[in-house]
Amino acid sequence: MQFPAETSEEVIKRLSRIEGQMRGLQRLVEERSECRDIVTQLAAAKGALDRVGYKLMAAAMTNPDPATDLEELEKLFLKLS
C-alpha cells in the first residue's frame, strides 16, 4: 500500500518540525528543566508523530490500491491507536 506522492512533502515538513521538537526535548533534559515541562513537550511530540501516521493512513485510504488488503490496513491503523 502506497501513499500518494503529493503527501510526501507535507509529511516531510511535519517530520522536520518533530525533529526540532526532539532537539528541544534533549535541551530541556540537559538543562534539568522541570519534569512537567519535559512531559508536556513529550506529549506534544507524540501527538505530532500520531498526526503524521494518521495523515499517511488517510492518504492511503482515500487513494486505495486495488491490491490493498483490508486486514493489513486495519492492523496498520490499530498500531497508531
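# Three helices and their salt bridges

Glu10 has a relative accessibility of 31% and therefore counts as partly exposed. This residue is a useful place to enter the structure, which is a predicted model. Glu10 forms a salt bridge with Lys55, and the closest N and O atoms of the two residues are 3.2 Å apart. The pair links distant parts of the chain, since Glu10 belongs to helix α1 and Lys55 to helix α2, with their positions 45 residues apart in sequence. Lys55, for its part, has a relative accessibility of 28% and so is also classed as partly exposed. Arg14 enters the picture as well, because a network of salt bridges links Glu10, Arg14 and Lys55.

The overall architecture gives this pair its setting. The secondary structure of the protein chain consists of 3 helices and 0 strands, and along the sequence the order reads α-α-α. Helix α1 covers residues 5-30 and helix α2 covers residues 35-62, with a loop between them. Helix α3 comprises residues 70-80. The C-alpha trace spans about 50 × 25 × 15 Å along its principal axes. The radius of gyration of the protein chain is 16 Å, whereas a compact globule of 81 residues would have a value near 12 Å. Of these 81 residues, 21% count as buried. Contacts across the sequence are also informative: among those between residues at least 6 apart, 65% join residues at least 24 apart.

Helix α1 deserves a closer reading. It has 26 residues and reaches 38 Å from its first C-alpha to its last, close to the 38 Å expected at 1.5 Å a residue. Its buried residues are Thr7, Val11, Ile18, Gly24, Leu25 and Leu28, and the buried residues of this helix pack against α2. Thr7 illustrates the arrangement. This residue lies in helix α1 and has a relative accessibility of 7%; because buried means under 20%, Thr7 falls in that class. When residues up to four places away in sequence are not counted, Thr7 touches Lys55, Leu56 and Ala59. Lys55 thus appears twice in this account, as a contact of Thr7 and as the salt-bridge partner of Glu10.

The salt bridges can now be considered further. Side chains of opposite charge can pair when their charged atoms come close. A search of the whole structure finds 7 salt bridges. Besides the pair that joins Lys55 to Glu10, one of them brings together the side chains of Lys13 and Glu9, at 3.7 Å from N to O. Both of these residues lie in helix α1, 4 residues apart, which is about one turn of the helix. Lys13 is partly exposed, with a relative accessible area of 47%, while Glu9 is exposed at 54%. The threshold matters here: exposed means over 50%, so the value of 54% places Glu9 in the exposed class.

Helix α2 holds a further pair. Lys46 forms a salt bridge with Asp50, the closest N and O atoms being 3.7 Å apart. The two residues are separated by about one helical turn because they stand 4 residues apart in helix α2. Their accessibilities fall into separate classes: Lys46 counts as exposed at 53%, and Asp50 counts as partly exposed at 21%.

The loop between α1 and α2 contains Arg32. Just after α1, this residue takes a positive phi of about 55 degrees, although it is not a glycine. With a relative accessible area of 76%, Arg32 is exposed.

The surface completes the description. The protein chain exposes about 6200 Å², of which carbon and sulfur atoms supply 56%. Tyr54, Phe77 and Leu78 form a nonpolar patch on this surface, with about 290 Å² of accessible area together. Leu78 is located in helix α3 and has a relative accessibility of 49%, so it counts as partly exposed.

Key
Residues numbered from 1 in each chain as written. Predicted model: local features only at pLDDT ≥ 70, side-chain atom pairs only at ≥ 80, totals over all residues. Heavy atoms only, no water. Buried < 20%, exposed > 50% of the residue type's maximum accessible area, 1.4 Å probe, protein only. Salt bridge = Lys/Arg side-chain N within 4 Å of Asp/Glu carboxyl O. Expected span 1.5 Å × (residues − 1). Contact = heavy atoms within 4.5 Å. Rg over C-alpha atoms; globule rule 2.2 N^0.38 Å. Areas by Shrake-Rupley, 256 points an atom, 1.4 Å probe, with all protein chains shown as cover. Patch = residues over 30% accessible without salt bridge, like charges linked within 9 Å, V, L, I, M, F, W, Y side chains within 5 Å.
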